Amino acid sequence: PFLTWLCLTPLVGGHRSLPSGVTCGNQFNNSANALEIPNPSISWASYRILSCDAPIFWLKGEAKVGQNLSFTVLSVLQKRFAPVRVSVLVIGPGLPNLTSATRSRVLPEALSGIPA
């Protein structure tokens with residue numbers, strides 16, 4: 001009975017992959033080539049390799065006023081990654097401008113092409 005149920009049950013994933021496969025390096029590393037989230041109201045998963053040479057990953061999408069956005073980042077549990085901290089910065093129309101204090105905490109290359 002269990003094997004029959006397992007065979008007849010379709011496999012369901014928790015998140016849709018965006019894009020299909022793994023991204024890395026200079027893909028989606030600035031505002032001009034940001035990965036577009038087609039529908040920010042549903043759950044998406046991006047499989048991204050970040051490195052010291054390519055630490056930035058840009059996403060863009062049209063969120064509704066008051067909509068919550070959630071981000072989860074996973075890393076391999078290794079001692080060398082203990083000091084690593086991941087940040088998410090949300091910018092766009094209707095949101096406050098970045099203060100100079102906030103800008104000073106962001107990698108300069110992350111904000112290239114973004115007006116002060």
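The following dialogue goes through selected features of a predicted model.

Biologist: Where should one begin, and how many helices and strands does the chain have?

Modeller: One begins with the secondary structure. In this predicted model, the chain has two helices and four strands. Read from the N terminus, their order is α-β-β-β-β-α.

Biologist: What share of the 116 residues is buried?

Modeller: Buried residues account for 13% of the 116 residues in the chain. As for contacts between residues at least 6 apart in sequence, 53% of them join residues at least 24 apart.

Biologist: Which residues make up the largest nonpolar core?

Modeller: The general idea comes before the case. In soluble globular proteins, nonpolar side chains tend to be buried together. Here the largest nonpolar core has six residues: A34, I56, W58, V106, A110 and L111. Of these, L111 can be followed further: beyond residues up to four places away in sequence, L111 touches L89, L98, R103 and V106.

Biologist: I turn to charged residues. In which strand is R48, and what is the nearest side chain of opposite charge?

Modeller: R48 belongs to strand β3, which spans residues 44-49. The nearest side chain of opposite charge is that of E109, 12 Å away. A salt bridge requires a side-chain nitrogen of Lys or Arg within 4 Å of a carboxyl oxygen of Asp or Glu, so at 12 Å R48 has no salt bridge with E109. R48 is nevertheless buried.

Biologist: Which backbone oxygen atoms, then, does the side chain of R48 reach?

Modeller: There are two to report here. A polar atom of the R48 side chain lies 3.0 Å from the backbone oxygen of G25, and the side chain of R48 also reaches the backbone oxygen of I56 at 3.2 Å. The contacts of R48, apart from neighbours within four places in sequence, are T23, C24, G25, Q27, F28, I56 and F57.

Biologist: Among those partners, is T23 buried or exposed?

Modeller: T23 has a relative accessible area of 2% and is therefore buried. T23 is in strand β1. Besides R48, T23 touches F28, Y47, I49 and F57, with residues up to four places away in sequence left out.

Biologist: And where is G25?

Modeller: G25 is in the loop between β1 (16-24) and β2 (35-36). Its relative accessibility is 25%, so G25 counts as partly exposed. Setting aside neighbours within four places in sequence, G25 is in contact with R48, I49 and A54. G25 and D53 are 28 residues apart along the chain, yet their C-alpha atoms are separated by 7.5 Å.

Biologist: What backbone feature does F28 show?

Modeller: The sign of phi is the feature to read. F28 has phi near 55°, a positive value in a residue other than glycine. F28 lies in the loop between β1 and β2, and it counts as buried because its relative accessibility is 18%.

Biologist: Which peptide bond is cis?

Modeller: Omega is the angle to inspect. The bond from L18 to P19 is cis, with omega near -15°. P19 is found in strand β1.

Biologist: Which residues does R16 touch?

Modeller: R16 is likewise found in strand β1. With residues up to four places away in sequence left out, R16 touches I42, S43, W44 and A45. A polar atom of the R16 side chain lies 3.4 Å from the backbone oxygen of S43. The C-alpha atoms of R16 and S43 are separated by 6.7 Å, although the two residues are 27 apart along the chain. At 43% relative accessibility, R16 counts as partly exposed.

Biologist: How many disulfides does the structure hold?

Modeller: The structure holds zero disulfides. Accessibility can still be read for individual cysteines: C24 counts as partly exposed because its relative accessibility is 38%, whereas C52 is exposed, with a relative accessible area of 79%.

Biologist: Finally, where is T72 found?

Modeller: T72 is found in the loop between β4 (59-60) and α2 (100-104). Its relative accessible area is 71%, so T72 is exposed. T72 and V86 are 14 residues apart in sequence, and the distance between their C-alpha atoms is 9.7 Å.

How values were computed. Residues are numbered from 1 along each chain as its sequence is written. This is a predicted model: local features need pLDDT of at least 70, side-chain atom pairs count only at pLDDT 80 or more; totals for chains, interfaces and linings use all residues. Side-chain values use heavy atoms; hydrogens and water are left out. Buried means under 20% relative accessible area, exposed over 50%, partly exposed in between (1.4 Å probe, protein chains only). Lys and Arg count as positive and Asp and Glu as negative; His and the chain ends are not counted. A polar contact is a pair of N or O atoms within 3.5 Å; within protein, one must be able to donate a hydrogen and the other to accept it, and residues adjacent in sequence count only if both atoms are side-chain atoms. Contact means heavy atoms within 4.5 Å. A disulfide is a pair of cysteine sulfur atoms within 2.5 Å. A nonpolar core is a set of buried Ala, Val, Leu, Ile, Met, Phe, Trp, Tyr and Cys residues joined through side-chain atoms within 4.5 Å.
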